[in-house]
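Welcome to this guided tour. Please open the structure in your viewer and keep the selection tool at hand.

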Amino acid sequence: MSIIDLPPEILCQIFQSTGDFSVVNALARTSQALHSIWLANSPAIFFAVALRALPNFSDAECLITAQEEAHAAAGPNFPGPSLSRHERFLFNARCASAACKHWDEVCQVHNLAHARGDNPALRPSERARFKRSFYHLWTLSTLSNTPSLRPQALKFLAACDPVELAGLDEIATWAYGYNENEFGDSGLDFKDGTWNAAFQMVGQYCAWDKKEKSGHRRIPVGGDEAPIGFWVFFDHTQHYLGQIKAHW
């Protein structure tokens, strides 16, 4: 008995049980029958696999929910095409990967071999931290640019813990001041004005001069560990995050 002779619902479960999208892609290319199963059930298969395969799934879902609420609030005036939930997820993930690649190029963390040992290249855990903060900043931007959702933006910031705020502060600094806005055809554009409200909110909420007056201490990290002053997402500087929690 061939796999394609199994009932469609069993074939769909096989797709959903895979642990990686490369396996999904390989299965879908195996035969016309399996490709048809993928096309007919792609949203369900996508989210079943994404929940296991993507470390930032919950943050990505939070962004999608904000985007859907903004779309509903704007109605026919919403800019850009209308996307399904899994299409939006894939588009957002593509933007997150493009941003992370550029951040890696700016930081050149591979030059910090003295601090990172034999594996100075950017690691999966560091990419995951960056993308988590990227999704947070994008969520904040989406909420803050929709008048009816701005109260949610403030609640979103208020719910962030000190480490999450440090990540937001750092990624907003990078997005506003250090990127060249060269993300190919990903559709990511930090210079179109829609991100400004988020940059301002993060700047006000994470204003170190005000926080230092109230007893919160900025954590000094040397340039030999923190390229261009960025350090929150790196493995070799995670021990400093405990100091943020202690002094926030």
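## First stop: Leu 34 and its surroundings

Select Leu 34 and show what surrounds it: leaving aside neighbours within four places in sequence, Leu 34 is in contact with Ile 4, Leu 11, Phe 15, Leu 27 and Ala 28. Keep in mind that you are looking at a predicted model. Leu 34 has its place in helix H3, and with a relative accessible area of 2% the residue is buried. Try a distance from Leu 34 to Phe 15: 19 residues separate them in sequence, and their C-alpha atoms are 9.2 Å apart in space.

Phe 15 leads on to helix H1, so to speak, so select residues 8–16. Which residues of H1 are buried? They are Leu 11, Cys 12 and Phe 15. These residues sit on the same side of H1, because they cover an arc of only 100 degrees around the axis. Now add helix H2 (21–28) and H3 to the view, as the buried residues of H1 pack against both.

## Step back: the whole protein

Zoom out and colour by secondary structure. The protein has 12 helices and 0 strands, so a run from the N terminus reads α-α-α-α-α-α-α-α-α-α-α-α. Of its 248 residues, 43% count as buried. Among contacts with a separation of 6 or more, 68% are between residues 24 or more positions apart.

## Into the core

Next, select Trp 103, Phe 130, Phe 134, Leu 137 and Trp 174. In the largest nonpolar core, which has 55 residues, these are the ones with the most contacts inside it. Which elements give two or more residues to this core? They are helix H3 (32–53), helix H4 (57–74), helix H5 (85–107), H7, H8, helix H9 (162–177), helix H10 (196–205) and helix H12 (241–247).

Centre the view on Trp 103. Not counting neighbours within four places in sequence, Trp 103 is in contact with Leu 122, Phe 130, Trp 174, Phe 230, Phe 233 and Phe 234. There is also a second, separate core of 10 residues, and Leu 11, Ala 28, Ile 45 and Val 49 are among them. As background, nonpolar side chains tend to be buried together in soluble globular proteins.

## Two helices side by side: H7 and H8

Select residues 124–144 for helix H7 and residues 150–158 for helix H8. Their axes are 7 Å apart, and the two helices pack at an angle of about 150 degrees. That angle makes H7 roughly antiparallel to H8. To see the contact, show His 136, Thr 139, Leu 140, Leu 143 and Ser 144 on H7, together with Arg 150, Gln 152, Ala 153, Phe 156 and Leu 157 on H8. Colour this contact by class and you will find 5 nonpolar, 4 polar and 1 charged residues.

Stay with H8 and look at its two faces. Its buried residues are Ala 153, Phe 156 and Leu 157. They lie on the same side of H8, since their arc around the axis is only 95 degrees. Turn to the face away from that buried side, and you meet the exposed residues Leu 154, Lys 155 and Ala 158. The buried residues of H8 pack against H4, H7, H9 and H10.

## On to H10

Ala 198, Phe 199, Met 201 and Val 202 are the buried residues of H10. Look down the axis of H10: these buried residues fall within an arc of 165 degrees, so they line one face of the helix. On the other side of H10, Gln 200 and Gln 204 are exposed. Show H7, H8 and H9 as well, as they are included in what covers the buried residues of H10.

## Last stop: two buried polar residues

Return to helix H7 and pick Thr 142. Is Thr 142 buried or exposed? Thr 142 counts as buried, because its relative accessibility is 13%. Leaving out residues up to four places away in sequence, Thr 142 touches Leu 63, Ala 66, Gln 67 and Ala 70.

Finally, select Asn 92 in helix H5. Asn 92 counts as buried too, at 2% relative accessibility. Beyond its neighbours within four places in sequence, Asn 92 is in contact with Leu 63, Ile 64, Gln 67, Tyr 135 and Trp 138. Leu 63 and Gln 67 thus appear both in the contacts of Thr 142 and in those of Asn 92.

Definitions and conventions. Residues numbered from 1 in each chain as written. Predicted model: local features only at pLDDT ≥ 70, side-chain atom pairs only at ≥ 80, totals over all residues. Heavy atoms only, no water. Axes fitted to C-alpha atoms, helices over the stretch in contact; angles between N-to-C directions. Helix = DSSP H or I, 4+ residues; strand = E, 2+ residues; numbered from the N terminus. Parallel < 35°, antiparallel > 145°, perpendicular 65-115°, else oblique. Contact = heavy atoms within 4.5 Å. Nonpolar A, V, L, I, M, F, W, Y, C, P; charged D, E, K, R; others polar. Core = buried A, V, L, I, M, F, W, Y, C linked by side-chain atoms within 4.5 Å. Buried < 20%, exposed > 50% of the residue type's maximum accessible area, 1.4 Å probe, protein only. Arc of directions from axis to C-beta.
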